[in-house]
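Me: Please show me the sequence and the model, and then let us go through some local details of the backbone and side chains.
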Amino acid sequence: MTRSALPAIPYGSWRDTLDTVHRFAQVVGKVRLAAAPRRNHWWNVPFHVTGRGITTRPMGRDPIFAVDFDFLDHRLDLSTVTGLRHSFALPGLSVADFHARLTDGLEAVGVAVDVARPHPFGLPDAARPFAADSEHRAYDPAAVTRYWRVLSEVNLLLEEFAAGWSGKTSPVHHFWHTFDIAVTRFADTPVDHPPSTDPVTREAYSREVVSSGFWFGDDAFPEPAFYSYTFPEPDGLADEPLRPDGAAWVARGASHLAVLRYDDVRAREDPRAAVLDFYESAFRAGARRAGWDLGRHASPGGVTDPRG
């Protein structure tokens with residue numbers, strides 16, 4: 001990764017577009033949730049990055065189908081194993097328009113999906129159905145393509161980082177809930193949640209984890225950044241040093257995120273090395289404080305055979 005591979009993407013410059021695309025992704029994500037076999041920690045639900053955008057991957061039965069966002073031609077593509085296809089352009093659509101086009105498209109290719117709650121998840125307008133959202137319709141194609149290119153660069157960084165751990169590790173995936181991209185390493189230590197914990201959180205964090213990722217900013221932290229967190233957060237985590245210079249622990253509710261600001265990375269001579277150093281230092285801080293056996297699952301360069 002070079003400096004030129006990381007374009008500027010200030011949160012304020014595309015906030016309205018981000019709000020729209022985030023909800024588009026949630027509309028499709030809810031279809032994925034309904035049509036895909038459930039996997040541990042909800043690994044069945046997020047998107048994966050493609051050479052043109054993001055994809056649900058194949059899902060469903062009779063017929064098997066997939067939904068793909070093309071962020072170069074700015075279209076949504078539905079396709080089935082029977083050969084039927086349906087596509088429509090994204091610019092100019094409100095969330096309600098998008099929801100209607102997707103619903104019509106699924107019917108056109110012979111897919112029936114029962115979405116349990118067609119509303120946003122974890123967003124301020126969660127009480128409003130997608131079908132009633134005519135507010136969110138901003139769509140700047142250049143900003144959306146830039147978002148996807150950043151996503152693609154970070155995807156490969158996270159794949160490289162993931163290779164260093166042979167223990168249980170999630171795929172690198174793009175969450176439509178929080179609109180971040182992440183990879184998570186797991187210990188085999190169960191987490192004892194209180195009865196009040198919601199079922200989504202209980203399954204996502206049924207084991208101790210250290211998660212590493214990137215997000216594009218929100219109103220509470222209005223800039224893009226690389227991050228890492230440990231759950232449950234062990235005592236003293238925020239006292240641990242982070243690398244490189246400029247990385248810091250940031251309070252987020254009752255816990256802490258390790259944060260390395262995207263613009264700080266863009267200014268560095270070797271952005272790739274800076275991000276990988278950050279992820280490694282934050283992971284070791286959390287895993288060490290939580291008592292993980294770091295040597296047992298070490299996989300330098302993705303190699304577990306000691307003869308290499």
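What follows is a set of questions and replies about this predicted model.

Reply: Residues are numbered from 1 along each chain as its sequence is written, and side-chain values use heavy atoms, with hydrogens and water left out. Since the model is predicted, local features need pLDDT of at least 70 and side-chain atom pairs count only at pLDDT 80 or more, while totals for chains, interfaces and linings use all residues.

Me: Which residue caps the N-terminal end of helix 3?
Reply: Helices here are DSSP runs of H or I with at least four residues, strands are runs of E with at least two, and both are numbered from the N terminus. Helix 3 covers residues 141-162, and the backbone nitrogen of Ala142 lies 3.1 Å from a side-chain oxygen of the capping residue. That residue is Asp140.

Me: Which residue shares a side-chain polar contact with Thr184?
Reply: Thr184 has its place in strand 7 (residues 180-190) and is buried, at a relative accessible area of 11%, where buried means under 20%, exposed over 50% and partly exposed in between, with a 1.4 Å probe and protein chains only. A polar contact is a pair of N or O atoms within 3.5 Å; within protein, one must be able to donate a hydrogen and the other to accept it, and residues adjacent in sequence count only if both atoms are side-chain atoms. At 2.9 Å, the side chain of Thr184 makes such a contact with that of Ser211.

Me: What is the phi of Gly253, in the turn between strand 10 and strand 11?
Reply: Strand 10 (residues 248-252) and strand 11 (residues 255-261) run antiparallel and are joined by five bridges, where pairing requires that DSSP find at least two bridges. Arg252 stands opposite Ser255, and the two strands form a hairpin with two residues between them. Gly253 in that turn has a positive phi of about 70 degrees.

Me: What is omega for the cis peptide bond that joins Arg243 and Pro244?
Reply: Pro244 lies in the loop between strand 9 (225-231) and strand 10. A cis bond also joins Asp62 and Pro63, with omega about 5 degrees. For Arg243 and Pro244, omega is about -10 degrees.

Me: Is His74 buried or exposed?
Reply: His74 is found in the loop between strand 3 and strand 4 (75-80), and its phi is near 60 degrees, a positive value in a residue other than glycine. Its relative accessible area is 9%, so His74 is classed as buried.

Definitions and conventions: The expected span of a helix is 1.5 Å times one less than its number of residues.
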